[in-house]
Amino acid sequence: MLRLALMHISRICYNPAIFADLRCGTKLRFTMDWRSDYYIGRREFVASVAGILGALITLLVGLPIIGYLIAPALRASGVAGWVSLVPLSMLQPGIPTPCSFSRLKQTGWKRMQMTRTVYALLRDSGDVTVLSDICTHLSCKVRWSPERSVFVCPCHDGIFDREGAVLSGPPPRPLDRFDTKVENGQLFIYVED
Ligand code: FES
């Protein structure tokens with residue numbers, strides 16, 4: 001509209017015939033020069049509004065459905081909690097003992113039973129430490145070497161002592177530890193995921 005108004009003003013300003021009409025007191029008649037680009041018929045207007053409303057409703061209804069469908073694909077988790085590991089009587093004091101446990105894990109739409117191994121170390125005092133078998137360098141699996149009495153990471157020769165402290169190699173920190181509890185002689189660990 002602004003553009004059309006400016007066009008009319010410029011027509012008045014630059015058209016000598018109009019100035020002549022004005023000087024003679026002739027009544028000017030401006031006819032709107034609608035170009036098809038600027039003109040929208042009633043039907044097109046209704047169709048456009050219906051289209052926009054339809055798109056909005058589709059968006060409002062469709063987004064929660066899409067979110068519901070793809071949410072499991074973005075989820076990768078298990079349920080945190082205490083896991084029964086091993087009876088204390090099975091542990092030999094001073095020697096890390098490999099213990100396995102299984103967890104149900106959900107990755108996307110898939111539910112899998114994952115088996116993990118950790119090392120339980122019973123001290124003479126009766127305290128227990130449970131160490132992860134995942135190297136803190138690049139997550140390779142460490143294993144206990146009874147001959148050398150150390151944990152060895154085969155990937156880059158990371159070496160940890162029986163308490164999980166780094167002795168040599170690139171690992172930046174000790175092996176991770178789990179929270180533990182003992183109930184009725186059974187060792188439990190707290191697993192985050
Ligand atoms: S992953 Fe264990 S030392 Fe590199």
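## A three-stranded sheet

In this predicted model, strand S2 and strand S12, the latter covering residues 186-191, pair in the antiparallel sense over 6 bridges. Within this part of the structure, Trp-82 stands opposite Tyr-190 in S12.

The two strands belong to an open sheet of 3 strands, whose order is S2-S12-S11 and whose pairing is antiparallel. Strand S2 (81-87) and strand S11 (180-183) each have a single partner strand and therefore stand at the edges, with one side of each left without a neighbour in the sheet. On average, and with direction ignored, neighbouring strands of this sheet are turned by 35° against each other.

## The largest nonpolar core

The largest nonpolar core holds 18 residues, and of these Ala-120 and Val-130 touch the most other members. Two or more residues are given to this core by each of S2, strand S4 (110-122), strand S5 (128-132), strand S7 (150-153) and S12. The most comes from S4, which gives 5 residues.

When its neighbours within four places in sequence are left aside, Val-130 is in contact with Val-118, Tyr-119, Ala-120, Arg-177, Phe-178, Thr-180 and Ile-189.

## Strand S7 and its two hairpins

Strand S7 has a covered face, made of Phe-151 and Cys-153, and an uncovered face, made of Val-150 and Val-152. S7 pairs with S6 in the antiparallel sense over 3 bridges, and Arg-143 stands opposite Val-152 in S7. In the hairpin of S6 and S7 there are 4 residues between the strands, and Ser-149 takes a positive phi near 55°.

S7 also pairs with strand S8 (residues 158-160), in the antiparallel sense and over 3 bridges, with Phe-151 standing opposite Phe-160 in S8. These two strands, S7 and S8, form a hairpin with 4 residues between them, and in its turn Asp-157 has a positive phi of about 60°.

## Positive phi values in two further loops

Most residues other than glycine have a negative phi. Ser-139, which is not a glycine, nevertheless has a positive phi near 70°, and its place is in the loop between S5 and strand S6 (143-145). Ser-139 has 10 other C-beta atoms within 10 Å, and is therefore exposed.

Asn-184, likewise not a glycine, has a positive phi of about 50° and is found in the loop between S11 and S12. Is Asn-184 buried or exposed? With 6 other C-beta atoms within 10 Å, Asn-184 is exposed, because a residue counts as exposed if 12 or fewer such atoms lie within that distance.

Definitions and conventions. Residues are numbered from 1 along each chain as its sequence is written. This is a predicted model: local features need pLDDT of at least 70, side-chain atom pairs count only at pLDDT 80 or more; totals for chains, interfaces and linings use all residues. Two strands pair if DSSP finds at least two bridges between them. Axes are lines fitted to C-alpha atoms, for helices over the stretch in contact, and angles run from 0 to 180 degrees between N-to-C directions. A nonpolar core is a set of buried Ala, Val, Leu, Ile, Met, Phe, Trp, Tyr and Cys residues joined through C-beta atoms within 7 Å. A residue is buried if 20 or more other C-beta atoms lie within 10 Å of its own, exposed if 12 or fewer, and partly exposed in between; C-beta atoms are placed from the backbone. Two residues are in contact if their C-beta atoms, placed from the backbone, lie within 7 Å.
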